[in-house]
Amino acid sequence: MTSKVIAVTGASRGIGSAIALELARRGFTVGCLTRKGRGPETGDAKEYAARFVNVACDVTDEASLKAAFMDVTEKAGALHGLVNNAGIHLDGASHELPTATYEKVMATNATAVFAACREAYPHLVKNGGAIVNIGSFFDKLGVKRNVAYCASKAAVGAITRCLAVEWAAKGIRVLDVAPGYIVTDLNRDAMTKGPLADYLKKRVPSGVSGTTADVAKLVAAIFSEDIPFLSGETIYIDGAQGVNH
Ligand SMILES: NC(=O)c1ccc[n+]([C@@H]2O[C@H](COP(=O)([O-])OP(=O)(O)OC[C@H]3O[C@@H](n4cnc5c(N)ncnc54)[C@H](OP(=O)(O)O)[C@@H]3O)[C@@H](O)[C@H]2O)c1
């Protein structure tokens, strides 16, 4: 058990909620940063409510990020880690995709990841710590209608590598955890029945999609195992789909 404090963006739903819950189960205090100021609300969330510090924060707003980290540290104590999980997915045919749509995806999925790392730095540099950015296995794939999302997740890998190198001597490790298709409440129907489900059964070697718990366990293990030499890497968690031929 630990009393360390980890901030998780987008902790109200899906993967972020599962990460926040798993960290709380392992004894961490979790700063949950979402636009609506909500933390996890499903599963055994109520049992761990005392370990959540819920803060309203739009990750695309730098002032909001700065204030959120201050708020979390004032309420819970020094920050030891950050999980940049908040993300959006907008798609469309590339030949007619508006620049505004492309930039919206980049703003949330890539620029905000950099800005959150930078705003967390003054807190993390005091005692050292770790940052886990949630990327995607789409970072290395060519996916029709997904130019903005794929570019944004490739940027997450680059941001991770650069900050890991630049901040290593400051005792800050930076990793990119890159999931494959993960079933969440929002996509459960599409992922478990219909054409996407049929496609995944063929593409994922086990025939089974990932769960939010899979990603949450990996992220929580990175914080609870605290392995000093592990930094800068993109760790894929996709059931071997990305390397499947
Ligand atoms: N699901 C998958 O198959 C999959 C696969 C690979 C990678 N990923 C990545 O995993 C991450 C989480 O995905 P998910 O499927 O769990 O998403 P989700 O269910 O749509 O949840 C997104 C979370 O991000 C928050 N959020 C969105 N925009 C925000 C903003 N501007 N500021 C603060 N919070 C914001 C949302 O809360 P509010 O609306 O309350 O702000 C929500 O808590 C994303 O980075 C995604 O790209 C997902």
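**Exercise 1. Classify alanine 112 and place it.**

Solution. Alanine 112 is buried because 22 other C-beta atoms lie within 10 Å. The term buried applies at 20 or more other C-beta atoms within 10 Å of a residue's own, exposed at 12 or fewer, and partly exposed in between, with C-beta atoms placed from the backbone. This is a predicted model, in which local features need pLDDT of at least 70 and side-chain atom pairs count only at pLDDT 80 or more, while totals for chains, interfaces and linings use all residues. Residues are numbered from 1 along each chain as its sequence is written.

Next, the element: alanine 112 is found in helix α3. Helices (H or I, at least four residues) and strands (E, at least two) are DSSP runs, numbered from the N terminus.

Then the surroundings. Leaving out residues up to four places away in sequence, alanine 112 touches Val59, Thr60 and Ala107; contact requires C-beta atoms, placed from the backbone, within 7 Å. Asparagine 84 is 28 residues from alanine 112 along the chain, and their C-alpha atoms are separated by 8.5 Å.

**Exercise 2. Work out which side of α4 is buried and what it packs against.**

Solution. Begin with the geometry of the helix. The 21 residues of α4 reach 30 Å from first C-alpha to last, close to the 30 Å expected at 1.5 Å a residue. The expected span is 1.5 Å times one less than the number of residues.

Now list the buried positions: Ala148, Tyr149, Ser152, Lys153, Val156, Ile159, Thr160, Leu163, Ala164 and Trp167. They cover an arc of only 140° around the axis, and therefore sit on the same side of α4. The arc is that of the directions from the helix axis to the C-beta atoms.

The partners of these buried residues are α3 (99-127), β5 (129-134), β6 (172-179) and β9 (234-237).

Finally, turn to the opposite face, which carries the exposed residues Val165 and Glu166. Valine 165 counts as exposed because it has 12 C-beta neighbours inside 10 Å. Valine 165 and alanine 68 are 97 residues apart in sequence, and their C-alpha atoms are 26 Å apart.

**Exercise 3. Compare the faces of β5 and β9, and give the pairing of each strand.**

Solution. Take β5 first. Six of its six residues are buried. On one side are Gly129, Ile131 and Asn133, and on the other Ala130, Val132 and Ile134, so that both faces are covered. Strand β4 (residues 79-84) runs parallel to β5 and is joined to it by four bridges; pairing requires that DSSP finds at least two bridges between the strands. In this pair, glycine 81 stands opposite alanine 130.

Now β9. Thr234 and Tyr236 form its covered face, whereas Ile235 and Ile237 form the uncovered one. β9 pairs with β6 in the parallel sense over four bridges. Isoleucine 235 of β9 has valine 177 opposite.

**Exercise 4. Describe α7 and the positive phi values at aspartate 226 and alanine 240.**

Solution. α7 (212-225) precedes the loop that leads to β9, and aspartate 226 lies in that loop. The helix has 14 residues and spans 20 Å between its end C-alpha atoms, close to the 20 Å expected at 1.5 Å a residue.

Its buried residues are Thr212, Val215, Ala216, Val219, Ala220, Ile222 and Phe223. They cover an arc of only 145° around the axis, which puts them on the same side of α7.

Just after α7, aspartate 226 takes a positive phi of about 50°, although aspartate 226 is not a glycine. Aspartate 226 counts as partly exposed because it has 16 C-beta neighbours inside 10 Å.

Alanine 240, in the segment after β9, also is a residue other than glycine with a positive phi, here near 75°. Alanine 240 is exposed, with 12 other C-beta atoms within 10 Å.

**Exercise 5. Characterise the shell around the ligand.**

Solution. The shell has 27 residues, of which Gly10, Gly14, Arg35, Ala86 and Gly87 come nearest. A residue is near a molecule or strand if its C-beta atom, placed from the backbone, lies within 6 Å of it.

By type, the shell residues divide into 10 nonpolar, 12 polar and five charged. Ala, Val, Leu, Ile, Met, Phe, Trp, Tyr, Cys and Pro count as nonpolar, Asp, Glu, Lys and Arg as charged, and the others, Gly among them, as polar.

By element, helix α1 (residues 14-25) gives the most, with three residues.

Note on methods:
Two residues are in contact if their C-beta atoms, placed from the backbone, lie within 7 Å.
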